[in-house]
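Visitor: I'd like to learn how to read a model like this one. Could you walk me through it, feature by feature?

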Amino acid sequence: MQFEVWAPLADRVALRLDDLTYDMARDPERDGWWTAEADTAAEGSRYGFLLDDGPVRPDPRGRRLPDGPDGLSAVVSFEEPAAREPSPRTPLQDAVLYELHIGTFTPEGTFDAAAARLGHLTALGVTHVELLPVCPFPGRSGWGYDGVAPWAVHEPYGGPAGLARFVDAAHAAGLGVVLDVVHNHLGPSGNHLPAFGPYFTETHHTPWGAAVNLDAPGSDEVRAYLLGSALAWLRDHRIDGLRLDAVHALADGRALTFLEELAAAVDELAAETGRQLFLIAESDRCDPRTTAPRAAGGLGLHAQWNDDFHHALHCALTGESQGYYADFAGAPLAALAKTMTRAFFHDGTWSSFRGRTHGRPVDRRGTPAHRFLGYAQTHDQVGNRAPGDRLAASLSPGLLACAAAVVLTGPFVPMLFMGEEWGAGTPWQYFTDHRDPELAEAVRTGRRREFAAHGWKAEEVPDPQDPATRDRSCLDWAEPEREGHARLLAWYRTLVTLRRTHPDLRDPDLAGVRVAHDEERRWLTFRRGDIRVVVNLSPEPATIALGRNGVRVLAAWEPMEHPGEDGRVHVPGESAVVLGP
């Protein structure tokens, strides 16, 4: 077996394989690369690299770290695609995504335990599971955004073999699998990349320190490293799509950006394999060029999260106005109407939170609605609240039903956050398991300091390092059977079914969406083709004129009559209704 590593800064490199050491030779055709042949390598063999007189370090491209980020890599082989379950062929336009954290989806926190719950998701009707990051990080528990080995799989979850079983189980159930990957930084502990080469650069600085090197000297190999990792998830692990974390934080000044290069490579792999592969960006820029075709000067990613839609919906539901919600809180239904018809609220408008104008208009006649994801809750929007409280902690079941109706019948690709479909009573809090005492204390005090600036007392902010914080964040799988929770779950299933069976609800024509609202009386109605949806956020009933169009009630949160001959519909307080011909 051949081993290779990019280590341009080293004068000598050796391979440590089990108990043997092999001197590595420079590759004459690739600058900075070292290679060695080792006939004793077998599945599971531990190995690492010695750079000059330094310690043995794991392979930057290692696929398995059985002893964690500071341990040795292990040799892993992958089955041929023909031996794996085939991927579903659901296009993004028809998708309903379900964001899931392996470590808290079940108390066990493993791929196998999550796979055992996939029947719940098929009954719900979602089409794709979107996994939070699964790369290795120190300790057992964490959100995954402090990963340090972009080619490997977190061992406590089940390692690469566990991920393979999960993906095969999902594919067998007809579910696609999307994976959240982080290219904008690596975690603060267990990161060995700087010892190998210029993976980071002081040319740019980010909230995490030196930037990942995408445009400074040595960046060709760094880009190839990240590109290879992304393609490996899709090719070797049979993942169907990637969610790219905070792409606005990628410092990349090159004419051909890393994101363009990645999008082109994924499109090529999709064409080569005949699979439905896609990239979803998380971006704070409100820039339609993120998903515009490369031929039109865009990056060519396939979709992006729409936080403006979330913020407007959240303000309409809760009345909150702190932080970035201030931009939406003055007239939240007007803000929601704008996002549902123009995608971005900030499309060149003033942002009080940023202290400047922000965003760029979307060509709604030329941009399909499935370029955007819509959601009422995400791991960020729940977990980055001090107590990690979900909407269910403060809203009535009726308002939760209204939120579901807007998301699941709205113009964008819907995404749910695990447990929201039954109004989970468990929080989802920020938790870590750093083994470095100084780092653990820094995270603990930093979290409390951050929220103290927003009026939270220190004792009200959960300790991220306390194992109980993670345990509180695990879903309670007895809840979906309980009264109240079961009713909301049935409503979600009904809405997902309506989306699947009514083509108007999957129509990509953003310009065809029509919205009306009454800010004072707190109702909003929108039309998509022949489908009308009405949400009444007020506790008082509302009578709304829809016109003489012959629609009837297809689904309603509260029992209600069909519209009369005058086209008026009487909607109970804090309720939603979907109407159609």
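Guide: Happy to. Let's begin with helix length: the expected span of a helix is 1.5 Å times one less than its number of residues. Keep in mind throughout that this is a predicted model.

Visitor: What span should the 14 residues of helix H4 have?

Guide: At 1.5 Å a residue, H4 (residues 159–172) should span 20 Å, and its end C-alpha atoms are 20 Å apart, so the two agree. Just past the helix, Gly174 has a positive phi of about 85 degrees.

Visitor: And which residues of H4 are buried?

Guide: Buried means under 20% relative accessible area. In H4 that includes Gly159, Pro160, Leu163, Phe166 and His171. Their cover includes helix H1 (102–105), helix H2 (111–115), helix H3 (118–124), strand S10 (128–131), strand S11 (176–181) and helix H6 (219–235).

Visitor: Can we try the same reading on H8?

Guide: Sure. H8 covers residues 307–318, twelve in number, and reaches 16 Å from its first C-alpha to its last, close to the expected 16 Å. Ten of those twelve residues are buried, so H8 is largely enclosed by the rest of the structure. Among the buried ones are Phe309, His310, His311, Leu313 and Cys315.

Visitor: What do the buried residues of H8 pack against?

Guide: They pack against helix H9 (326–329), helix H10 (332–342), strand S19 (372–374), helix H11 (379–383) and helix H12 (397–409). Look at the ends too: at the start, a side-chain oxygen of Asn306 comes to within 3.2 Å of the backbone nitrogen of Asp308. After H8 comes Gly319, with a positive phi near 75 degrees.

Visitor: On to sheets. In what order do the five strands of the open sheet sit?

Guide: To read a sheet, follow which strand pairs with which. Here the order is S21-S22-S23-S27-S25, with antiparallel pairing. Strand S21 (514–518) and strand S25 (552–556) are the edges, since each pairs on one side only. On average, neighbouring strands are turned by 20 degrees against each other, ignoring direction.

Visitor: How many bridges join S22 and S23?

Guide: Six: strand S22 (residues 523–528) and strand S23 (residues 531–536) pair over that many, in the antiparallel sense. For one of them, find Trp523, whose bridge partner in S23 is Asn536. H12 packs on this sheet as well, touching S22, S23 and strand S27 (575–580), and its direction makes about 155 degrees with that of S23. H10 lies across S21 and S22, running at about 180 degrees to S21.

Visitor: Which residues of the largest nonpolar core touch the most other members?

Guide: The core has 150 residues, and those are Leu15, Phe166, Trp233, Leu242 and Trp491. H12 supplies the largest share, ten residues. To see one member's surroundings, set aside its neighbours within four places in sequence: Trp233 is then in contact with residues including Val134, Pro150, Trp151, Leu163, Leu179 and Leu242.

Visitor: Let's finish with a single residue. Is His302 buried or exposed?

Guide: With a relative accessible area of 14%, His302 falls under the 20% cut-off, so it is buried. His302 sits in the loop between strand S15 (278–281) and strand S16 (303–305). Its side chain makes a polar contact of 2.8 Å with the side chain of Asp267.

Visitor: How far along the chain is His370 from His302?

Guide: They are 68 residues apart along the chain, yet their C-alpha atoms are separated by 8.5 Å. His302 touches His370, and its other contacts include Leu92, Val266, Phe278 and Arg371.

Note on methods:
Residues are numbered from 1 along each chain as its sequence is written. This is a predicted model: local features need pLDDT of at least 70, side-chain atom pairs count only at pLDDT 80 or more; totals for chains, interfaces and linings use all residues. Side-chain values use heavy atoms; hydrogens and water are left out. Helices (H or I, at least four residues) and strands (E, at least two) are DSSP runs, numbered from the N terminus. Buried means under 20% relative accessible area, exposed over 50%, partly exposed in between (1.4 Å probe, protein chains only). Contact means heavy atoms within 4.5 Å. A polar contact is a pair of N or O atoms within 3.5 Å; within protein, one must be able to donate a hydrogen and the other to accept it, and residues adjacent in sequence count only if both atoms are side-chain atoms. Two strands pair if DSSP finds at least two bridges between them. Axes are lines fitted to C-alpha atoms, for helices over the stretch in contact, and angles run from 0 to 180 degrees between N-to-C directions. A nonpolar core is a set of buried Ala, Val, Leu, Ile, Met, Phe, Trp, Tyr and Cys residues joined through side-chain atoms within 4.5 Å.
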